[in-house]
Every structure is written in C-alpha cells, then in structure tokens.
Amino acid sequence: MSRRFEADSLLSIRHVTKRYGDLVAVDDVSLDIVPGEIFALLGPNGAGKTTLIGCITGMITRFEGSVSVAGYDVRDDYRVTRRLVGLVPQELNYDAFFNVREVLEFQGGYFGNYPNKERVDELLEQFSLADKVDQNTRWLSGGMKRRLMICKALMHDPVLLFLDEPTAGVDVELREELWDYVRDLRDRGTTIVLTTHYIEEAEELADRVGIINHGRLVRVAPRDELMAEFGTRKVEVYLTDDVPSGFVASLDGLDVEQSDANCLSMIVEEREVHREGASPVEELLRAVLDAGLAIDYVEGGRTSLEQIFRELVNADKANGANAKGADKEGA
Ligand SMILES: Nc1ncnc2c1ncn2[C@@H]1O[C@H](COP(=O)(O)OP(=O)(O)OP(=O)(O)O)[C@@H](O)[C@H]1O
C-alpha cells in the first residue's frame with residue numbers, strides 16, 4: 001500500500017482528466033484540499049463538478065492522473081479511501097420504504113457496523129431528526145430528507161465529506177438552515193468540499209473557492225481574496241432635495257453619477273474602500289456636506305461572487321478564443 005501524505009493536504013488531485021468520447025468533462029485538474037476547510041467548487045451546469053467528485057469518491061475509476069486522500073491512492077487503496085470519504089449526492093439515495101433508523105443502520109452495515117444504534121442516535125440528534133427515528137422516509141419534509149442524506153453519508157464517520165449541490169432547488173429558509181448544519185460539521189472537524197451553482201452559497205460558506213468551467217479549474221483562491229480582488233461596492237447617497245446642477249461635474253476625481261433627481265451613486269472597488277487615507281466614499285460625503293446639501297439616507301451594497309464568476313469565466317473564454325486564434329495562425 002503506497003502512502004504519501006503531506007499534512008497540509010488531505011485531498012490531493014493531480015492532473016486529473018476524464019473523457020467521455022471526444023468530450024473532456026474534467027480537463028487536467030490539480031488541487032489540494034486542506035484539512036478543516038470548507039471548499040466550494042463553483043461552476044455552471046455541465047462544468048464537470050460531479051464528474052470530478054466521481055473520480056475522488058470511487059464512482060468513476062477510469063481517468064487520467066491521480067487522486068489521493070490522506071496519502072492513500074483512491075484506486076490502489078480504495079478500501080481505505082472509501083472509509084475516509086463520505087458523499088452526499090444530488091439525488092435522494094435511500095430506499096423510500098425504509099424508516100429513518102433503517103436507512104442509517106443499513107448504511108452502517110456497508111462499513112461492517114450494523115446495527116450501530118449509538119451512531120444513529122448521535123447523528124439524528126446532531127441533525128435534529130431524533131423525533132423522526134421511526135418515521136417512514138416518504139413522510140419527511142424536503143429539508144429533513146436532505147439532512148437524512150447527510151447523516152447517511154456520515155454513518156462511517158468520514159474525515160472528508162462531499163456535498164454535491166446540497167441546496168439545489170430548496171427555498172431560501174431551508175438553504176440557510178442547511179448552511180448552519182454544514183458549518184457545524186466543519187466546526188466538529190469534518191473537511192468539506194461542496195459543489196454549487198449558487199455564488200451566494202460559496203460566498204456564505206466557503207473558506208476557499210475553486211471556479212470550474214468546461215472541465216478546467218479557472219481559479220482557486222481564498223473567498224476573501226476573490227472578493228478583495230474583484231469585489232466592488234455600490235454607494236447611493238439620497239439627498240433631501242434634488243442634486244443641484246453642476247454639482248456632479250464639480251466632483252473632481254470621483255466617479256459619481258446622478259442616478260435619480262436626488263440620488264448620487266458611485267461604484268467603488270473593494271481595494272479603494274480600504275486604501276490608506278480618505279476613501280472615495282468619505283470624499284463624496286464630505287463634498288456633499290461641504291456644499292451644504294442635506295443627506296436623507298445612504299444605501300450601500302456589495303457585488304457578489306456572481307460578478308467575479310462572470311468575469312473569470314469570460315476571461316477564460318477570451319483566453320480560449322485567443323488560443324484557438326493562435327492555433328489557426330500557427331497551422
Ligand atoms: N456518463 C457520462 N457519459 C457521457 N457524458 C457525461 C457523462 N457524465 C457526464 N457527462 C458530461 O460531462 C460533462 C460534465 O458533467 P458533470 O455532471 O460533471 O457537470 P456538473 O458541473 O456536475 O453539472 P451540474 O451542475 O449540472 O450537475 C457534461 O457535458 C456532461 O454531459
């Protein structure tokens with residue numbers, strides 16, 4: 001059994017490529033997942049997220065490159081890595097005729113752990129399902145079903161948990177509830193990789209974000225770094241009266257627009273907000289007050305990862321187009 005485990009990398013993905021005929025679903029992906037982090041793999045439909053997870057969790061075994069968990073190769077040492085990894089797939093994956101306890105006990109059985117009443121009770125308690133233990137799974141609410149799937153994936157106490165689109169199609173309230181459970185899991189020591197379409201989900205939960213498009217990892221960065229690099233803030237200053245004519249033109253060096261009769265708006269890059277000295281926001285407010293104008297209220301918003309994501313994906317497309325152009329020129 002081979003084992004090369006660098007302590008700062010629980011999951012090590014090296015040059016993984018998965019082809020389906022001519023389609024390259026995962027294209028030369030290399031990535032390390034650090035113990036204790038929540039990592040969000042963010043990408044549009046068909047980007048290759050589920051395929052990449054399949055290569056790690058043993059659903060897909062024919063791929064180029066290598067993947068190891070805690071130093072164990074997922075193909076050579078699959079018996080070990082299956083115990084280290086848990087997967088919550090997108091679709092419901094339990095027998096609808098079982099009750100809650102039976103679903104979990106059977107799952108424990110796959111890992112030689114049947115019946116494990118203590119583990120079942122512990123998980124049901126942790127995921128607020130204790131009072132549903134004897135309930136038929138068909139009668140659980142959508143949120144309870146999702147929580148039961150997480151419990152099922154945790155029965156063998158994996159160190160690394162994959163959540164494939166954990167909140168796809170769930171309402172906002174339920175999504176926030178599931179986020180709390182995911183954070184709690186991480187706080188208890190489980191390392192988490194989740195895939196999502198929802199930028200908001202990555203922004204809320206992830207320590208680091210990997211953006212995947214057409215099978216390629218376009219960018220991996222700490223969430224806050226992405227926000228600082230690409231994020232912008234919008235500030236709107238509403239005056240009690242209309243903006244006097246000529247006032248906007250007098251704001252030298254400030255990129256301010258009059259977006260309504262009584263409203264001045266400005267887009268500020270995140271790094272400008274935190275620069276040394278007066279920020280553009282402060283300069284605008286000072287100019288307004290110095291001109292003797294009265295402020296009714298001020299509104300502010302923050303651009304989400306959505307915009308960052310679009311910019312990166314567009315940059316990737318442009319690079320791809322350039323590369324194609326260069327290929328043609330070279331041909
Ligand atoms: N078994 C398969 N045979 C052929 N093509 C496949 C197979 N599985 C996936 N694909 C293709 O591989 C590409 C990546 O699919 P994948 O499911 O990994 O994307 P995804 O990012 O998870 O998408 P989604 O967010 O919609 O779940 C898609 O073009 C998909 O059609």
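A crossing of two helices is left-handed if the near helix is turned anticlockwise from the far one by less than a right angle, and right-handed if it is turned clockwise. Keep that handy for the exercises below.

Some ground rules: residues are numbered from 1 along each chain as its sequence is written. The model is predicted, so local features need pLDDT of at least 70 and side-chain atom pairs count only at pLDDT 80 or more, while totals for chains, interfaces and linings use all residues.

**Exercise 1. Work out where the coordinates deserve caution.**

Step 1: Start with pLDDT, the predictor's confidence in each residue, from 0 to 100. The protein averages 87, and 92% of the residues score at least 70.

Step 2: Look for the weak stretches. Over residues 1–5 the pLDDT is below 50, yet this stretch has 8 contacts beyond near neighbours in sequence. A contact here is a pair of residues whose C-beta atoms, placed from the backbone, lie within 7 Å. Residues 325–331 also stay under 50, and for them the model has 0 contacts beyond four places in sequence.

Step 3: Draw the lesson. Where pLDDT is low, the predicted coordinates should not be read in detail.

Step 4: Add the overall scores, ipTM 0.97 and pTM 0.79.

**Exercise 2. Describe the shell around the ligand.**

Step 1: List the residues near the ligand, meaning those with a C-beta atom, placed from the backbone, within 6 Å of it. They are Y20, L23, A25, G43, N45, G46, A47, G48, K49, T50, T51 and H197.

Step 2: Assign them to elements, using DSSP runs numbered from the N terminus (helices: H or I, at least four residues; strands: E, at least two). Strand 2 (23–33) and helix 1 (49–57) each supply at least two shell residues. Helix 1 gives the most, with 3 residues.

Step 3: Sort by class, with Ala, Val, Leu, Ile, Met, Phe, Trp, Tyr, Cys and Pro as nonpolar, Asp, Glu, Lys and Arg as charged, and the others, Gly among them, as polar. The shell has 4 nonpolar, 7 polar and 1 charged.

**Exercise 3. Characterise the packing of helix 3 on helix 4.**

Step 1: Get the geometry, with axes as lines fitted to C-alpha atoms over the stretch in contact and angles running from 0 to 180 degrees between N-to-C directions. Helix 3 (residues 100–110) and helix 4 (residues 117–126) pack at about 125°, with their axes 10 Å apart.

Step 2: Name the arrangement. Angles under 35 degrees count as roughly parallel, over 145 as roughly antiparallel, 65 to 115 as roughly perpendicular and the rest as oblique. That makes helix 3 oblique to helix 4.

Step 3: Give the hand, which is right-handed for helix 3 and helix 4.

Step 4: Find the residues that meet: R101, L104, E105 and G108 in helix 3 with R119, V120 and L123 in helix 4. By class, this contact divides into 3 nonpolar, 1 polar and 3 charged.

**Exercise 4. Do the analysis again for helix 3 and helix 5.**

Step 1: The axes of helix 3 and helix 5 come within 8 Å and cross at roughly 25°. The two helices are therefore roughly parallel to each other.

Step 2: The crossing of helix 3 and helix 5 is right-handed.

Step 3: V100, V103, L104 and Q107 in helix 3 meet L148, C151 and K152 in helix 5. This contact has 5 nonpolar, 1 polar and 1 charged residues.

Definitions and conventions: Two residues are in contact if their C-beta atoms, placed from the backbone, lie within 7 Å. A residue is near a molecule or strand if its C-beta atom, placed from the backbone, lies within 6 Å of it.
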